Amino acid sequence: MKLIIKKIIFFLKTYLNLHQLNSVELSGKLILFSKFKLISKTHLEVPFSLGRTPRGISFKNLNNDKLKGSKQDLVGRLILDQLNGVSNDQIIKKHLLLLKKEENLTAAEVMHCPNNKYLKSYPAWASVRPWDKLSIKNKYDNYIELLFKNRNKHGAKFIVKKSRLKKEEIYSNNIAISHVKQYEKLIKSVREKGIEKTNILQMPQIIILINNSGQWRWIITAGTHRAYIFYFLGLEQFSAIIEDVIYRESLASCYNVKNKLYSLEEAENIFDEIFKGSSSIGQIV
């Protein structure tokens, strides 16, 4: 039933041309009518010029070879290396180096909240954003199992039983290899078949961020590998499902602000950093 409803909404939004943006919206500004396009759980064709990678970096920064460290999304650069013919062995080594750099970091460090005592007590991989609808404890308790199941689909061989889960394997060579295999498979598929139309259930997912001046950006939350590849192959925009719409002025009502994980000031700083798109924020795994 839910799928039927989604398909009807998808059809109506397409029929009314509400899945496409006008020149003002493409420039990063919103008008009154825009609210009918930015509806959660519906699809939208979004431009990479306004996009942010999973770590909050502007997609435009991926092409800037002069940017280093926290100003660059290094995972995205690995996918570019693979597209450019760098050997899998080299990419796996680079990916493992990135994983090892993060292994001993806390959630406070990757979220740029150095004075947040609660975040300091959790590892980087357990970090959540202010607007995520799950607690950091919930993620800590359940993420490893979900991660290992996901990585097994792409060639890893983890044992997915809670009694045998090993946290240190999150940053293992096994994880790096599975990601590189996934990149390779996707790149091969795109090169052989081109960029195929994706059905509503398989579209990448994004969150829309709207600041107090009525400007907007988007950040990818699912289908990230495809988004990187689409960008590097020269697409200017692609279709995605809007997972949620976050207003800066309403951050106080976000789940992980209301539960006191983040102060309002910390939430606003995270929002602003991602909106600006010039500093990596969040974990790799």
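Let us start with one residue, Lys41, which is exposed because its relative accessible area is 53%. Here exposed means over 50% relative accessible area, buried means under 20%, and partly exposed lies in between, all with a 1.4 Å probe and protein chains only. Lys41 has a positive phi of about 75° although it is not a glycine. That catches the eye because most residues other than glycine have a negative phi. Lys41 sits in the loop between α2 (23-26) and β1 (43-47). Helix and strand names like these follow DSSP runs, numbered from the N terminus, with at least four residues (H or I) for a helix and at least two (E) for a strand.

Before going on, please keep in mind that this is a predicted model, in which local features need pLDDT of at least 70, side-chain atom pairs count only at pLDDT 80 or more, and totals for chains, interfaces and linings use all residues. Residues are numbered from 1 along each chain as its sequence is written, and side-chain values use heavy atoms, with hydrogens and water left out.

His112 also has a positive phi, of about 60°, and is not a glycine. You can find His112 in the loop between α5 and α6, where it counts as partly exposed at 30% relative accessibility.

Now follow the chain to β1 and the sheet. Five strands make an open sheet with mixed pairing, in the order β1-β5-β3-β4-β2. β1 and β2 (51-52) stand at the edges with a single partner strand each, so one side of each has no neighbour in the sheet. Strands count as paired if DSSP finds at least two bridges between them. The partner of β1 here is strand β5 (residues 237-247), in the antiparallel sense and over five bridges. One place to look is His43, whose bridge partner in β5 is Ile241.

Helices lie across this sheet. α9 lies across β4 (216-222) and β5, running at about 125° to β4. Helix α11 (residues 264-276) lies across β2, β3 (205-210), β4 and β5, and runs at about 110° to β3. For these angles, axes are lines fitted to C-alpha atoms, for helices over the stretch in contact, and the values run from 0 to 180 degrees between N-to-C directions. Contact, in turn, means heavy atoms within 4.5 Å.

Helix α7 deserves a walk of its own. Its 17 residues (136-152) should span 24 Å at 1.5 Å a residue, and this agrees with its end C-alpha atoms, which are 24 Å apart. The expected span is 1.5 Å times one less than the number of residues. Even so, α7 has a kink of about 45°, centred on Asn142. The bend at a residue is the angle between axes fitted to the seven residues ending there and the seven starting there. Which residues of α7 are buried? They are Ile136, Lys139, Tyr143, Ile144, Leu147, Phe148 and Arg151. Their cover includes α5 (107-110), α6 (117-120), α8 (173-193) and α9 (224-232).

After α7, look for Lys167 in the loop between α7 and α8. Lys167 counts as partly exposed, at 41% relative accessibility. Leaving out residues up to four places away in sequence, Lys167 touches Trp125, Tyr140 and Ile144. The C-alpha atoms of Lys167 and Ser135 are separated by 19 Å, with the two positions 32 residues apart along the chain.

How many salt bridges does a search of the whole structure find? It finds nine, a salt bridge being a side-chain nitrogen of Lys or Arg within 4 Å of a carboxyl oxygen of Asp or Glu. One of them joins the side chains of Lys37 and Glu25 (2.8 Å, N to O). Lys37 lies in the loop between α2 and β1 and Glu25 in helix α2, so the pair ties together parts that are 12 residues apart in sequence. Lys37 counts as buried at 6% relative accessibility, and Glu25 is buried at 1%.

Another salt bridge joins Lys94 and Asp81, with the closest N and O atoms 3.0 Å apart. This pair links distant parts of the chain, with Lys94 in helix α4 (residues 88-103) and Asp81 in helix α3 (residues 74-83), 13 residues apart. Lys94 is partly exposed at 37%, whereas Asp81 counts as buried at 18%. Finally, Arg248, Glu268 and Asp272 are linked in a network of salt bridges.
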